[in-house]
Amino acid sequence: MNRDEEKRIILKAQKGDIAAFEKLVSANEAFVYNLAMRTLGNEQDAQDAAQEVFIKVWTSLSSFRGESKLSVWLYRVTSNVCTDILRRRRNDTVSLVTENDE
């Protein structure tokens with residue numbers, strides 16, 4: 001998908017066009033999943049992260065200004081989601097260790 005086509009599809013999706021959003025997901029799902037997989041190292045977590053990323057993108061697409069390619073924004077959203085998952089993982093581990101020490 002070239003830059004102009006991407007912009008047109010984003011504008012449609014920002015107006016609530018679900019079919020346009022599905023095109024964005026299809027064009028970027030491998031990128032998001034692969035980044036999540038590299039970051040998290042676990043298929044299930046990467047799938048969960050990708051799903052969470054696209055939910056966040058759908059709910060906040062109106063804030064995307066289009067000053068950069070969508071992939072740049074997706075990279076940032078994916079990184080943030082993965083960081084949150086890693087924090088939860090760490091906190092769960094700390095909780096388990098604390099519970100076992102009691």
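**View 1. The largest cavity of this predicted model encloses about 30 Å³ of space**. The structure holds 1 cavity of 30 Å³ or more. A cavity here is a set of points, on a 1 Å grid over the protein atoms alone, where a 1.4 Å probe fits but cannot get out. Grid points are joined across faces, edges and corners, and the volume is the space filled by probe spheres set on the points. Residues are numbered from 1 along each chain as its sequence is written, and side-chain values use heavy atoms, with hydrogens and water left out. Because this is a predicted model, local features need pLDDT of at least 70 and side-chain atom pairs count only at pLDDT 80 or more, while totals for chains, interfaces and linings use all residues.

**View 2. Here is the lining of the largest cavity, made up of F21, L24, V25, F54, V57, L70 and L74**. Lining residues have an atom within 4 Å of a cavity point. Two or more residues each come from α2 (18-40), α3 (43-60) and α4 (70-101), and α2 gives the largest share, 3 residues. The lining divides into 7 nonpolar residues, no polar and no charged. In this scheme Ala, Val, Leu, Ile, Met, Phe, Trp, Tyr, Cys and Pro count as nonpolar, Asp, Glu, Lys and Arg as charged, and the others, Gly among them, as polar.

**View 3. Step back for a moment to see the protein as 4 helices and 0 strands**. Along the sequence the pattern reads α-α-α-α. Helices (H or I, at least four residues) and strands (E, at least two) are DSSP runs, numbered from the N terminus. Of the 102 residues, 30% count as buried; buried means under 20% relative accessible area, exposed over 50%, and partly exposed in between (1.4 Å probe, protein chains only).

**View 4. Helix α3 has a buried side that includes F54 and V57**. Its 18 residues should span 26 Å at 1.5 Å a residue, and the end C-alpha atoms are indeed 26 Å apart; the expected span is 1.5 Å times one less than the number of residues. Buried in α3 are D45, A46, A49, A50, V53, F54 and V57. Seen down the axis of α3, these residues fall within an arc of 165°, so they line one face of the helix; the arc is that of the directions from the helix axis to the C-beta atoms. The face turned away carries the exposed residues Q51, I55 and T59. At the start of α3, look for a side-chain oxygen of N42 within 2.9 Å of the backbone nitrogen of Q44.

**View 5. Helix α1 (residues 3-14) buries E6, I9, I10 and A13**. Down the axis of α1, the buried residues fall within an arc of 105°, so they line one face of the helix. On the other side, D4 and R8 are exposed. The 12 residues of α1 reach 16 Å from first C-alpha to last, close to the 16 Å expected at 1.5 Å a residue. A side-chain oxygen of N2 comes within 3.1 Å of the backbone nitrogen of D4 at the start of α1. Just after α1, G16 takes a positive phi of about 100°.

**View 6. Two alanines, A13 in helix α1 and A27 in helix α2, round off the tour**. A13 counts as buried at 4% relative accessibility, and its C-alpha atom is separated by 8.7 Å from that of S62, 49 residues apart along the chain. A27 counts as partly exposed at 45% relative accessibility. From C-alpha to C-alpha, A27 and E6 are 9.6 Å apart, with their positions 21 residues apart in sequence numbering.

How values were computed: On a 1 Å grid over the protein atoms alone, a cavity is a set of points where a 1.4 Å probe fits but cannot get out, and a pocket is an open set with protein on both sides within 12 Å along at least five of seven lines; lining residues have an atom within 4 Å of a point. A polar contact is a pair of N or O atoms within 3.5 Å; within protein, one must be able to donate a hydrogen and the other to accept it, and residues adjacent in sequence count only if both atoms are side-chain atoms.
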